[in-house]
Amino acid sequence: MRIHGRHYRTIFPAQDGEGVSIIDQTKLPFDFALERLATLEDAAVAIEVMKVRGAPLIGATAAYGLALAMMRDASDAALEAALARLARTRPTAVNLHWALARVAAVLRPLSPPERRIAAAWAEAGAICDEDVEQNRMIGVHGAKILGEIHARTGRTVNVLTHCNAGWLATVDWGTAISPIYQAHDAGVPVHVWVDETRPRNQGAALTAYELGAHGVPHTVIVDNAGGHLMQHGQVDICFVGSDRTTADGDVANKIGTYLKALAAKDNGVPFYVTLPVTTIDWALRDGVAEISIEERSAREVTHLVGETDDGRIETVRVVAPGSPAANPAFDVTPSRLVTGLITERGVCEASRAGLAGLYPEHARQAAE
Ligand code: MRU
C-alpha cells in the first residue's frame, strides 16, 4: 500500500536489524506514525492495546516478538516464556497461535540456542511474505466476483464491509479489501459502504483511511444502516474478514458481522468471507460453541476518541455516568449464512466439504 507516495508493509524489520517497525494504528486516521518495537514486551503490548490488530497482522507481530525475545535471551526457558507471554495477548484470532506454533517448531530443536536468533527472524519474514502473497490471491479470486456483478448489471458495484480487513489488518493488501483494490485498479467501478464498527471504529478510522489513500470511492455508515441499505437494493455484495474459521465453515469476526449476515440472508445479498488458510482452525467444528470470544474493556464502549475542529485529539465519554457497559469484541456467523469463502486457493462453499476440497491435506485432520 502506498502512503504519502511510499510503499509500506504494515510491519517490517528496522534498518539496523535490531527492532521491528509498525504503524501505530491507535493514532490513525489522525496521524500516520511508525513505531519501533525493540523487545518482546513491546510486541506483546502492541498486540494487546491494538497498535497492531487484524488476525494476520497479529500473527506476524507475534512471530517478530519471538525474534526480539531471542535476541535478548535464546535459552529454552526464555523461548517458552516468550511463547506464553505472546499467547496471552488476544484470544480470538487463531493466527496468533498458528504463528507461535510455527516459529516454535523451528526454534525448539536448534542447538546451540544462539542459532535461534537468525532462524526466528527468517521465519517471521517468511510468514510475512506468505501473507502478502495469500492476500494478493484472495484479491484475484474476489475481484473476479466483483467483475462478474459489474458485467451483469452494468453499474457500479456496491460492496458492504465490516471492521477493517484491509491492508492495515494484514502485512499487505488485506483480505476483504484486496478484491476491492484489484477490481478498482482493473477499472471495475466499485463503491464501498464502510460500517463504522463500534466500539473501536476500525471501519471509520482504518478502512475509510486506506480506501481514501488508494482513491476507492466509499461512504462511512453507522453500524445499524446496513440492513436498510440492503432492503433498498443499495448493496450488491458483502465482503468481510475472519479471525477464526472452523473446519465446518463457521466464522468468528468483529462483533456485528453476524447481524450483517442475517440482513444479507433476508435480502438475498451474497455474503462472502475472505480469509487466508492461516485463519482456519481445523480442530474446531461449531464456532458458536467452541470459539473463545474476547471481552475487552468497557471503556472502549463508554469513551470515544476523536479530533476537534481545531485539530486536538480528545477522548470523550458518551455513556451516562454510572451505567455499566459490556464489550464482546467478536461474534460467530454460522456457515449457513455465508454464501462462500474466498481463500488464496479459490472460492468454496462454507462447509466441511468445501474447505476439504480446497485443502485436501487438512481434510484428514479436520475429520478426526
Ligand atoms: O479487533 P480487531 O481489529 O483485531 O478485529 C479485526 C477483525 O475482526 C478483522 O475483520 C479480521 O481480523 C480479519 S482481518 C484480515
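How many Å separate an oxygen atom of the ligand from an N or O atom in the side chain of arginine 90? The tour begins there, in a predicted model. Select arginine 90 together with the ligand: the distance is 2.8 Å.

**The ligand and its surroundings**

Keep the ligand selected and add arginine 53, where a side-chain N or O atom is 2.9 Å from an oxygen atom of the ligand. Next, add asparagine 253; here the corresponding distance, again from a ligand oxygen to an N or O atom of the side chain, is 2.7 Å. A surface display is useful at this stage, since the protein covers 100% of the 410 Å² of accessible area that the ligand has on its own. To show the whole surroundings, select the 19 residues around the ligand. The closest of these are Ala55, Arg90, Asp243, Asn253 and Lys254.

**The largest nonpolar core**

Now select Ile11, Leu66 and Leu107, the residues with the most contacts inside the largest nonpolar core, which has 42 residues. Colour the elements that each supply at least two residues of this core: strand E4 (20-23) and the helices H1 (40-48), H2 (55-72), H3 (76-87), H4 (95-107) and H5 (115-153). Helix H2 gives the most, with 12 residues.

Centre the view on isoleucine 11. Setting aside neighbours within four places in sequence, isoleucine 11 is in contact with Val20, Ser21 and Ile22, with Leu57, Ala60, Thr61 and Tyr64, and with Cys128 and Val171. Apart from this core lies another, of 34 residues; to locate it, select Ala143, Val157, Val188 and Leu206, which are among them.

**Serine 178**

Move to helix H6 (residues 178-185) and select serine 178, which is placed in it. Is serine 178 buried or exposed? Serine 178 counts as buried because its relative accessibility is 0%. Show the residues it touches, not counting those up to four places away in sequence: Asn135, Arg136, Gly139 and Trp173. Then add threonine 274 and display the C-alpha atoms of the pair. Serine 178 and threonine 274 are 96 residues apart in sequence, and their C-alpha atoms are 9.3 Å apart in space.

**Confidence**

Finally, colour the protein by pLDDT. The mean is 97, and 99% of the residues reach 70 or more. Select strand E6 (residues 157-161), where confidence is highest, at a mean of 99. Then select helix H13 (residues 360-367), where confidence is lowest, at a mean of 78. In general, predicted coordinates should not be read in detail where pLDDT is low.

Technical notes: Residues are numbered from 1 along each chain as its sequence is written. This is a predicted model: local features need pLDDT of at least 70, side-chain atom pairs count only at pLDDT 80 or more; totals for chains, interfaces and linings use all residues. Side-chain values use heavy atoms; hydrogens and water are left out. A nonpolar core is a set of buried Ala, Val, Leu, Ile, Met, Phe, Trp, Tyr and Cys residues joined through side-chain atoms within 4.5 Å. Buried means under 20% relative accessible area, exposed over 50%, partly exposed in between (1.4 Å probe, protein chains only). Helices (H or I, at least four residues) and strands (E, at least two) are DSSP runs, numbered from the N terminus. Contact means heavy atoms within 4.5 Å. A residue is near a molecule or strand if one of its heavy atoms lies within 4 Å of it. A polar contact is a pair of N or O atoms within 3.5 Å; within protein, one must be able to donate a hydrogen and the other to accept it, and residues adjacent in sequence count only if both atoms are side-chain atoms. Accessible areas come from the Shrake-Rupley method with a 1.4 Å probe; for residues, only the protein chains shown count as cover. pLDDT is the predictor's confidence in each residue, from 0 to 100.
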